[in-house]
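Let's take a walk through this model, with an eye on how its helices pack and where its charged side chains pair up.

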Amino acid sequence: MDIILLGAPGAGKGTQAKYLEEHTGMIHVASGDLFRAALRQGTELGMLAKSYMDRGELVPDEVVIRMIIERISQPDCRQGVIFDGFPRTREQARALEVELSAHARRIDHVLYLRVPEDMLLRRIAGRQTCKTCGSTYNMFYFPSKRPDICDECGGRLYQRSDDTMETARHRLEVYFAQTMPLIEYYREQGSLIEIDGRREISQVTRSMIDALNIA
Ligand code: AP5
């Protein structure tokens, strides 16, 4: 099975993908995480992506598409992928369809996490991520036990450079203009499932598992 998690910045895509990955054994492929990993490695791709990410703009389609196709061509992705943050434009959606159909695969479900704007901004503003293991916390909703220290591994927590209020607002504008049209696109294809993303994390996960019929 191949699924897409669609939703605005801060909707909880990364959080839910982690649980779905544990539950299903599918591979979580997050475009933003791939860019941040490339940046940590100091690659050209990472530097290029940073120049867009810091402004809250989308990285050009051809760059993202190439990176994702390369990632899903790896053997671990053969059994199914949870796409997080990709596709974000119609061009990306079409490229993904072409790539999957070349391997007799298709997107089975698109889970659209619906969360109101004020809640999105609060989630983004409060997000902290562990530098070492990538665990995510939220200063407002579920802070780490010790300030700025990861409960899981003791690593340092940091705030993403694109999580400032100004950049977050722009990321939302970009989402409304460029990614929201995909909701209708997938609805018309009959693959869209709407999930109420306002609730507690475990309740959202439960709804997703029920919707996918994979309990
Ligand atoms: P990316 O890394 O994909 O960021 P995003 O889509 O903006 O999504 P976020 O990571 O901000 O949010 P999320 O939905 O994963 O929420 P999370 O689970 O962390 O992209 C970053 C940039 O990379 C883009 O701006 C662009 O420049 C570039 N890029 C990436 N993909 C691209 C593409 N395809 N094309 C072009 N450019 C691309 O949760 C957020 C917070 O809320 C956390 O603190 C979490 O703990 C908390 N939380 C989660 N769920 C709940 C809940 N139910 N209740 C309370 N708190 C919750």
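What follows covers two helix pairs, the salt bridges, one helix with its buried residues, and a histidine in a loop.

Keep in mind that this is a predicted model.

**Helix pairs**

Start with α1 (residues 13-24) and α9 (residues 201-212), whose axes sit 10 Å apart and make an angle of about 50°. That angle makes α1 oblique to α9, and the crossing of the two is right-handed. On the α1 side, the contact uses T15, Q16, Y19, L20 and H23, and they meet I201, V204, T205, M208, I209 and L212 of α9. Sort those residues by class and you get seven nonpolar, four polar and no charged.

Now turn to α2 (residues 31-40) and α4 (residues 61-72). Here the angle is about 95° and the axes are 11 Å apart. Because angles of 65 to 115 degrees count as roughly perpendicular, α2 is roughly perpendicular to α4. S31, L34 and F35 come from α2, while α4 brings V64, M67, I68 and R71. This contact has five nonpolar residues, one polar and one charged.

**Salt bridges**

How many salt bridges does the structure hold? There are 14 of them. As background, side chains of opposite charge can pair when their charged atoms come close. Three of the pairs are set out here, with the N to O distance for each.

| Acidic residue | Basic residue | N to O distance |
|---|---|---|
| D2 | R105 | 2.8 Å |
| D76 | R71 | 2.7 Å |
| E194 | R114 | 2.7 Å |

Take D2 and R105, which join in a salt bridge. This pair links distant parts of the chain, 103 residues apart: D2 belongs to the segment before β1 (3-6), and R105 to the loop between α5 (90-101) and β4 (109-114). Is D2 buried or exposed? With a relative accessible area of 3%, D2 is buried, because the cut-off for that is under 20%.

R71, which we met in the contact of α2 with α4, also forms a salt bridge with D76. R71 is buried, at a relative accessible area of 17%, whereas D76 counts as partly exposed at 37%.

Next come E194 and R114, another salt-bridged pair. E194 lies in strand β8 (residues 192-196) and R114 in strand β4, so the bridge ties together parts that are 80 residues apart in sequence. E194 is partly exposed, with 35% relative accessibility, and R114 is partly exposed too, at 38%.

Salt bridges also link residues into a network, made up of R127, R160, D162, D163 and R171.

**Helix α6 and its neighbours**

Which residues of α6 (residues 117-126) are buried? They are L120, L121, R123, I124, A125 and G126. What do these buried residues pack against? Their partners are the strands β5 (127-130) and β6 (136-138), along with helix α7 (165-179).

**A histidine in the loop**

Last stop: H103, which is found in the loop between α5 and β4. R105, the partner of D2, is placed in that loop as well. H103 is exposed, its relative accessible area being 52%; the cut-off for exposed is over 50%. From H103 to Q74 the C-alpha to C-alpha distance is 13 Å, with the two residues 29 apart in sequence.

Conventions
Residues are numbered from 1 along each chain as its sequence is written. This is a predicted model: local features need pLDDT of at least 70, side-chain atom pairs count only at pLDDT 80 or more; totals for chains, interfaces and linings use all residues. Side-chain values use heavy atoms; hydrogens and water are left out. Axes are lines fitted to C-alpha atoms, for helices over the stretch in contact, and angles run from 0 to 180 degrees between N-to-C directions. Helices (H or I, at least four residues) and strands (E, at least two) are DSSP runs, numbered from the N terminus. Angles under 35 degrees count as roughly parallel, over 145 as roughly antiparallel, 65 to 115 as roughly perpendicular and the rest as oblique. A crossing is left-handed if the near helix is turned anticlockwise from the far one by less than a right angle, and right-handed if clockwise. Contact means heavy atoms within 4.5 Å. Ala, Val, Leu, Ile, Met, Phe, Trp, Tyr, Cys and Pro count as nonpolar, Asp, Glu, Lys and Arg as charged, and the others, Gly among them, as polar. A salt bridge is a side-chain nitrogen of Lys or Arg within 4 Å of a carboxyl oxygen of Asp or Glu. Buried means under 20% relative accessible area, exposed over 50%, partly exposed in between (1.4 Å probe, protein chains only).
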